[in-house]
Each structure stands twice: as C-alpha cells, then as structure tokens.
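The exercises below are to be worked with the sequence and the coordinates at hand. Each task is followed by a solution in steps.

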Amino acid sequence: VTNTDIARDAILEDLRIRFQANDKTVKPLDPKTAHHWWNVGLQKNCYSGSGIMQCPICKVGKLRYSRNSYNGHVHAACSTKECVRWME
Ligand SMILES: [Zn+2]
C-alpha cells in the first residue's frame, strides 16, 4: 500500500462523510456515466466533488483534491513539498 493509496482512500471517505452531512457540492454516482468509473479499479464509493482536508500522510499539509463525476478519477496534491501528488 502506497501513500497515494492511503491518501486516496481518505479522500473517498471525506467525500462520503460530506455527502452524508448533506453537502450539496458532493454528488452521488450518475448512472449514465457509471461505466466510465471502473477503469481505475474497484471503487470504495462513487461520490464526486472537490475539497481540502488535512493531509493523512504528513499530517501538517493541506490536501487539495478533486474527484471527477464523469469517471471517478482523483487528482490531489498536498501543500507539503515532496508529499503526495497525483493525477489519474
Ligand atoms: Zn501531506
């Protein structure tokens, strides 16, 4: 398990919590685009949106993220130099 895997899981959990807290900027899966979601592997959930959270890797940086509603791809970057940063 890589730091990117851990950070990605934390982002999906953050989106789930925000959706359940009635955050209208977080969207559930649109069934019309569902078939695009599986090319990044099995998904733990299908909520999409963007946000900023405390970084679960370095614990001090701010992790900015965005999850695409069309295909579930996650882009994220921590404010700490040399911490996690990726695009799918
Ligand atoms: Zn970090």
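**Exercise 1. The buried side of helix 1**

Task: State which residues of helix 1 are buried and where they lie around the axis.

Solution. The model is a predicted one.
- Step 1. Take the residues under 20% relative accessible area. In helix 1 the buried residues are A7, R8, I11, L12, D14, L15 and R18.
- Step 2. These residues cover an arc of only 155° around the axis, so they are on the same side of helix 1.
- Step 3. Check the length of the helix: its 18 residues reach 26 Å from the first C-alpha to the last, close to the 26 Å expected at 1.5 Å a residue.
- Step 4. For contrast, take D5, also in helix 1. D5 counts as partly exposed, at 38% relative accessibility. The C-alpha atoms of D5 and V84 are 9.9 Å apart in space, while the two residues are 79 apart in sequence.

**Exercise 2. The aromatic pair**

Task: Classify the aromatic pair of F19 and Y47 and say which parts of the chain it ties together.

Solution.
- Step 1. The structure holds one aromatic pair. F19 and Y47 form it, with 4.7 Å from centre to centre and 25° between the planes.
- Step 2. Planes under 30 degrees apart count as stacked, so the F19 and Y47 pair falls in that class.
- Step 3. F19 belongs to helix 1 and Y47 to the loop between helix 1 and strand 1, so the pair ties together parts that are 28 residues apart in sequence.
- Step 4. Compare the accessibilities. F19 is partly exposed, with a relative accessible area of 29%, whereas Y47 counts as buried at 17%.

**Exercise 3. The sheet**

Task: Give the strand order of the sheet and the bridges between its strands.

Solution.
- Step 1. Four strands form an open sheet in the order 1-2-3-4, with antiparallel pairing. Strand 1 and strand 4 stand at the edges with a single partner strand each, so one side of each has no neighbour in the sheet.
- Step 2. Strand 1 and strand 2 are joined by six bridges. Here G51 has Y65 of strand 2 as its bridge partner.
- Step 3. Strand 2 and strand 3 are joined by five bridges. R64 stands opposite A77, S66 opposite H75 and R67 opposite V74.
- Step 4. Strand 3 and strand 4 are joined by two bridges. In this pairing A77 stands opposite R85.

**Exercise 4. Alternating side chains**

Task: Sort the side chains of strand 2 and strand 3 by the face they point to.

Solution.
- Step 1. In strand 2 (residues 62-67), L63, Y65 and R67 point to one face and are buried. K62, R64 and S66 point to the other face and are not buried.
- Step 2. In strand 3, V74, A76 and C78 point to one face and are buried, while H75 and A77 point to the other and are not.
- Step 3. Join this to the bridges. R64 and A77, which stand opposite each other, are both among the side chains that are not buried.

**Exercise 5. The zinc site**

Task: Which residues coordinate the zinc ion, and what is the geometry of the site?

Solution.
- Step 1. The donors are the SG atoms of C55, C58, C78 and C83, at 2.3 to 2.4 Å.
- Step 2. The donor residues follow the spacing C-x2-C-x19-C-x4-C in sequence.
- Step 3. The angles among the four donor atoms are 104 to 116°. Four donors count as tetrahedral if all angles lie between 85 and 135 degrees, so the site is tetrahedral.
- Step 4. One of the donor residues, C78, is buried with a relative accessible area of 3%.

**Exercise 6. Positive phi**

Task: Where do N22, G72 and E82 lie, and what are their phi values?

Solution.
- Step 1. Recall the rule: most residues other than glycine have a negative phi.
- Step 2. N22 is not a glycine, yet its phi is about 75°. N22 lies in the loop between helix 1 (3-20) and strand 1 (49-54) and counts as exposed at 53% relative accessibility.
- Step 3. E82 has a positive phi near 70°. E82 sits in the hairpin of strand 3 and strand 4, which has six residues between the strands, and counts as exposed at 80% relative accessibility.
- Step 4. G72 takes a positive phi near 75° in the hairpin of strand 2 and strand 3, with six residues between the strands.

Technical notes:
Residues numbered from 1 in each chain as written. Heavy atoms only, no water. Donors = N, O, S within 2.8 Å, 3.2 Å for Na, K, Ca; no water. Tetrahedral: all angles 85-135°; square planar, octahedral: opposite > 155°, others 65-115°. Buried < 20%, exposed > 50% of the residue type's maximum accessible area, 1.4 Å probe, protein only. Pairing = 2+ DSSP bridges. Phe/Tyr/Trp six-rings, centres within 6.5 Å; stacked < 30°, edge-to-face > 60°. Expected span 1.5 Å × (residues − 1). Arc of directions from axis to C-beta.
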